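I opened my notebook beside the viewer today and kept a short log of each thing I looked up. Follow along with the picture if you like.

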Amino acid sequence: MVKILIVDDIATNRKLLRQTLRALKDYDVIEATNGLEAITRFKENAPDLILMDINMPEMDGRQSTKAIKALMGDNYTPIIFVTALTVEDSLASALASGGDDFISKPFNVSVLESKINAHLRIRELTQQIADKNQELVSHNQRLINEHELIEHFFEKALQQSFLDNKYIKYHMSSMSAFNGDVLLVKRGINGSMYMLMGDFTGHGLTAAMGTLPVAMIFFKMANKGLTVGDIATELNAQLRRVMPSSIFFAATLLELNATGDMLTVWMGGMPENYWLSKGGQLKDLIHSQHMPLGVLDESEFDFSTQIINVENGDKIYLYTDGVIEAQSPKGDLFGDDRLKDILLTQGDNRFDQVLNTLKQFTDIENQDDDITLVELTCHALPAVADEVEKFILPWHISISLAVDEIRTLNPVNELSSLLGSLPILTRHKGILQVLLSEMYFNALDHSILDLNSDKKTDDEHFAEYYRDRNEQLQNLTQASIIFDIQYFPQSSQPYLLIRIEDSGRGYKGHDVEQSNDQLHGRGLTIIYSFCDSVKFSDDGKALEVVYLLD
Amino acid sequence: MNVETKFSEDNQILTISISGSFDFNSLNIFRQAYSDDAIKSAKVIVDMRNTTTIDSSALGMLLNMQRYLKRADGEISIINCNPIVAKIFAITHFSKKFNIS
């Protein structure tokens, strides 16, 4: 029921109004005898409309109106002055105090009725708007809460990143709360460092959604030390599966090996990377060779990678298209040339210089796209965290192989598995296997057995060489090969000393140089390149190498 | 160590996939992989996705294959090398002979 408050100090006036109102409609009518009492009634009864006299004792209608209007906040309660005042000035001052309308005494009933109805309608509309507003506010608040939750979720999902600034400098800025650009870095169990930088189509939450499966797959596979091609294949397959077909992911996926001298790169749909020498010379541009991830069907997907032999201190600059497509307020593009110019002329300051220039060039308030810029410096990598538990005790393993074992077994795989199971050697397992294999077969083929690699000249002789070898091996009656492997745990530079000694005639690594066409003679080249020192002794019956562990 | 061979549908491309460690013990099985006459005209790709390590005798076997099939330098592709395998190819300048990625 509509509730109307009548404020008047004269009882007959109140009575007249009350009877008039009741005659019009079944209103709930309440009364106050002055301005002060009106405030109390307003607070207690929350009327829908107030009919206010102006001149009253205690507190007049103007002051009372001002106070009530201040109390009602967003909730609109119309106040209509009922007055005998005809002086325009006092009427104006009454309305200025916050009144919504007036009606002169003596009043015409139908004018009173239509004014009341009009104001009640306004009140109803205002209330509807206020309700909608309230709904919007709480909806917005829920959205903010959800965003915060998702942000937290993203943060958790992405925080495994190994963003050590000795190797990586980066800048990421997104145009909305969520970033469609991705930069993830993870060390692998093999000692490599993997990096994934990419850019989902679009921006905001839709684009950022894809970063979750991408991050999970990347972290898991990188940690296992899988190949870049394999990781790209899996990312492509999963994105195809979970993301709508309009969304795909331009990406550069790379692996820097533990010794920091080789990059394996899969690039799809990304702008070219700059490869600079330590001195700042442009060595090459690394171009995308593929479509973005999430476009091609598994059967069409091409996981082939580029291998780049880098040197200590080389720098790679990667960026998303947000950098070159950044616009000035006038609509000019930042462009390739501007970027190239800064990278090639600004010395070691170039990373910051790109960002500064970009900031000056664009109107930061109106960023059009997510922007990511990365500087990767190629260095040998520190041991992975899992290996931090260091072996501080020196140890020595000696393995003697007698003729029966030499004849029937290949000890290299077993020996390298044994060594590789030690935490300090896990990441060296592959290289140790290669080293042990070369050392073992040098000793066996060229010292114990009487084989001449020069025979390995063409396919037939190549096979013949191995037939000879087998035959000689089966007829072997006396031989021994001893592996001695010592670990020296110096904290500054731990290393392995690997010695192999055989009972044969001895072998000296003659000539390490060889032409590319020869089918043999690469074993020593490999040994020399992986070891810090290589020493033959005892007329070539013993070979001792030092392998540095870092 | 295991070697698998697979021809593309049109018989134009032969992919030889090597898994495990590619070494001296792989000789016979590897030679069998390219001894088929059908290979004479096919493009050859060696997929090392599942190859853990290689040693110098494996290098010899690859060169031997190139020679046996009479292929020009760079004509045979070796793909999906892990960092250690790629490093050994780099040390021994194999990129002059094979298209390595």
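Before I start, one term: a residue is exposed if 12 or fewer other C-beta atoms lie within 10 Å of its own, and buried if 20 or more do. I also note that this is a predicted model.

**Entry 1: helix H10 of chain A**

I began with the exposed side of H10(A), where I found Asp337(A), Asp341(A) and Thr345(A). Which residues of this helix, residues 335–345 of chain A, are buried? I listed Leu339(A), Ile342(A) and Leu343(A). Looking down the axis of H10(A), I saw that these buried residues fall within an arc of 95°, so they line one face of the helix.

Next I checked what they pack against. The partners in chain A are strand S11 (273–276), strand S14 (315–319), helix H9 (321–324) and helix H11 (350–361). Just after H10(A), I noted that Gly347(A) takes a positive phi of about 60°.

**Entry 2: strand S14 of chain A**

S14(A) was one of those partners, and I followed it up. I found 5 of its 5 residues buried. Which way do they point? Lys315(A), Tyr317(A) and Tyr319(A) point one way, while Ile316(A) and Leu318(A) point the other. That fits a rule I wrote in the margin: in a regular strand the side chains alternate between the two faces of the sheet.

Then I looked at the strands paired with S14(A). S11(A) runs antiparallel to S14(A), and 3 bridges join them. Here Tyr274(A) stands opposite Tyr317(A). Strand S15 (residues 371–377) of chain A also pairs with S14(A) in the antiparallel sense, over 5 bridges. In S15(A), I found Glu375(A) as the bridge partner of Tyr317(A).

**Entry 3: Met270 of chain A**

Moving on, I picked Met270(A), which sits in the loop between strand S10 (262–268) and S11 of chain A. Is Met270(A) buried or exposed? I read 22 C-beta neighbours inside 10 Å, so Met270(A) counts as buried. Leaving out residues up to four places away in sequence, Met270(A) touches Ala250(A), Ala251(A), Thr252(A) and Ser288(A). I also checked Gly198(A), which is 72 residues from Met270(A) in sequence but 7.7 Å away in space, C-alpha to C-alpha.

**Entry 4: helix H2 of chain A**

I wanted a second helix, and chose H2(A), residues 35–45. Its buried residues are Gly35(A), Ala38(A), Ile39(A), Arg41(A) and Phe42(A). Down the axis of H2(A) they fall within an arc of 165°, so they too line one face of the helix. On the face turned away from that buried side, I marked the exposed residues Thr40(A), Lys43(A) and Glu44(A).

What covers the buried residues of H2(A)? My list includes strand S1 (3–7), strand S2 (28–32), strand S3 (49–52) and helix H3 (61–72) of chain A. Just after H2(A), Ala46(A) takes a positive phi of about 45°.

**Entry 5: the nonpolar cores**

The largest nonpolar core has 130 residues, and those with the most contacts inside it are Leu196(A), Phe218(A), Ile231(A), Leu435(A) and Met439(A). Which helix gives the most to this core? I found helix H14 (residues 429–448) of chain A, with 11 residues. The core draws at least three residues from each of domain 2 (160–377) and domain 3 (389–548) of chain A. Apart from this core lies another, of 22 residues, among them Ile6(A), Leu51(A), Met52(A) and Ile79(A).

**Entry 6: the chains and their contact**

For chain A I noted 16 helices and 20 strands, with 36% of its 550 residues counted as buried. Chain B has 3 helices and 6 strands, and 49% of its 101 residues count as buried. I read the order of elements in chain B from the N terminus as β-β-α-β-β-α-β-α-β.

How many residues does each chain bring to the contact? I wrote down 35 from chain B and 36 from chain A. On the side of chain B, the elements giving two or more residues are helix H1 (27–33), strand S4 (51–54), helix H2 (56–68) and helix H3 (83–91) of chain B. H2(B) has the largest share, 8 residues. By type, this side of chain B divides into 14 nonpolar, 13 polar and 8 charged residues.

Technical notes:
Residues are numbered from 1 along each chain as its sequence is written. Chains are lettered from A and ligands numbered from 1 in the order in which they are written. This is a predicted model: local features need pLDDT of at least 70, side-chain atom pairs count only at pLDDT 80 or more; totals for chains, interfaces and linings use all residues. Two residues are in contact if their C-beta atoms, placed from the backbone, lie within 7 Å. Helices (H or I, at least four residues) and strands (E, at least two) are DSSP runs, numbered from the N terminus. Ala, Val, Leu, Ile, Met, Phe, Trp, Tyr, Cys and Pro count as nonpolar, Asp, Glu, Lys and Arg as charged, and the others, Gly among them, as polar. The arc is that of the directions from the helix axis to the C-beta atoms. A nonpolar core is a set of buried Ala, Val, Leu, Ile, Met, Phe, Trp, Tyr and Cys residues joined through C-beta atoms within 7 Å. Domain bounds come from an automatic or database domain assignment. Two strands pair if DSSP finds at least two bridges between them.
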